[in-house]
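Biologist: I would like a close look at a single part of this model. Please take me through it step by step, and then place it in the whole chain.

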Amino acid sequence: MTESVIVSEVVDDLLSLQELDGAIARSRVELQELDEEARLLEESLEALRRRESEAEVRVDGADRQLRQAERTVQAGRATVKRLQERAQEVINQRAHLAARTEMDAARQNLDAAETAMLEAMQEQEKYRAARQAIVDELAQEEAAAQERLTEIERRKTELEDEVAIQGDRRENRALRIDDSVRALYDRVRTGRTTSALAPVIDGVCGHCFTSIPKQRQAEIRGGRNLIVCETCGVILHADR
Ligand SMILES: [Zn+2]
């Protein structure tokens, strides 16, 4: 076996290692995206629930307002009734006029109280309708979110299984690679999201596109040693 064949095999092993690492990285990215999506879903439901309880507070306020208005109206009606009875009892003209004046004022107060009560009823109706709209929206959103969250959980389990299987395959593959080569690969890959290896295509590094000196190109084709790109640091291999 010539050295060139050996280096070529090492490159093959590294490429398949890289493929597995790429697959694992993609699965992890998807897992993160799913976590983020689930978080955003929970957040938007939370926001709706907050709006629902705010709407609830407004309805409670409107209920109190209405009860207050109803009590004022009842009191006003009782006053008017009492004054009416008293006006019928008085005998002289002066006392009668005084009672009439007092009753007119009480009637005006009652009118105002009845208007206020009608307004309070309208407010209550308005806030109840607003709350109902939010309750409906929340129910709809919750159903949709629940469906999506179930789907997210299912996909996450699938991805976690894949990552575990890919991780095992990666470990087995890595064991076949010489320690120093693996260390070089790990070093190059650390901090990179793309590749640790790149082919030389038309005399340039397939990763950073810097041109490779003819002498180096020949060494890479000769396949005696692993050669890294002096500009970006990836392990270079002959185009295949
Ligand atoms: Zn490069």
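Which residue in strand 4 does Leu 197 stand opposite?

Modeller: Leu 197 stands opposite Ile 235 in strand 4. Bear in mind that this is a predicted model.

Start with the pairing around that position. Strand 1 covers residues 197–201, and strand 4 covers residues 235–238. The two run parallel and are joined by 4 bridges. Another pair along them is Ala 198 with Leu 236.

Strand 4 also pairs with strand 3, residues 227–228. Here the direction is antiparallel, and 2 bridges make the link. Ile 235 appears again: Val 228 stands opposite this residue. Ile 235 therefore has a partner in strand 1, Leu 197, and Val 228 as a partner too. Strands 3 and 4 form a hairpin, with 6 residues between them. In its turn, Gly 233 has a positive phi of about 85°.

Now strand 1 and its other partner. Strand 2, residues 204–205, runs antiparallel to strand 1, and 2 bridges join them. Ile 201 stands opposite Val 204. This hairpin has 2 residues between the strands. Asp 202 takes a positive phi there, near 50°.

Next, the contacts of Leu 236. Neighbours within four places in sequence are set aside. Leu 236 then touches Ala 198 and Val 200. The list goes on with Cys 205, Ile 212, Ile 220, Ile 227, Val 228 and Cys 229. Ala 198 is thus both a contact and the bridge partner of Leu 236.

The packing follows. The largest nonpolar core has 19 residues. Leu 14, Cys 205, Val 234, Ile 235 and Leu 236 touch the most other members. Two or more residues come from each of helix 1 (3–89), helix 3 (179–189), strand 1 and strand 4. Helix 1 gives the most, with 5 residues. Another core, of 7 residues, lies apart from it. Among its members are Ala 62, Leu 66, Ala 120 and Tyr 127. In soluble globular proteins, nonpolar side chains tend to be buried together.

Ala 120 and Tyr 127 lead to helix 2, since both are among its buried residues. The others are Met 117, Gln 124, Arg 131 and Gln 166. Helix 2 has 83 residues. From first C-alpha to last, helix 2 reaches 118 Å, close to the 123 Å expected at 1.5 Å a residue. Thr 157 also sits in this helix, which spans residues 93–175. Thr 157 is exposed, because just 10 other C-beta atoms lie within 10 Å, and the cut-off for exposed is 12 or fewer. Its C-alpha is 9.4 Å from that of Leu 31. Those two residues are 126 apart along the chain.

Finally, the whole chain. There are 4 helices and 4 strands. Along the sequence they follow the pattern α-α-α-β-β-α-β-β. The radius of gyration is 41 Å, well over the 18 Å that the globule rule gives for 240 residues, so the chain is more spread out than a compact globule. The C-alpha atoms fill a box of roughly 135 × 35 × 25 Å along the principal axes. Buried residues make up 15% of the 240. Of the contacts with a separation of 6 or more, 73% join residues 24 or more positions apart.

Methods: Residues are numbered from 1 along each chain as its sequence is written. This is a predicted model: local features need pLDDT of at least 70, side-chain atom pairs count only at pLDDT 80 or more; totals for chains, interfaces and linings use all residues. Two strands pair if DSSP finds at least two bridges between them. A residue is buried if 20 or more other C-beta atoms lie within 10 Å of its own, exposed if 12 or fewer, and partly exposed in between; C-beta atoms are placed from the backbone. The expected span of a helix is 1.5 Å times one less than its number of residues. The radius of gyration is taken over C-alpha atoms; the globule rule is 2.2 Å times the number of residues to the power 0.38. Two residues are in contact if their C-beta atoms, placed from the backbone, lie within 7 Å. A nonpolar core is a set of buried Ala, Val, Leu, Ile, Met, Phe, Trp, Tyr and Cys residues joined through C-beta atoms within 7 Å.
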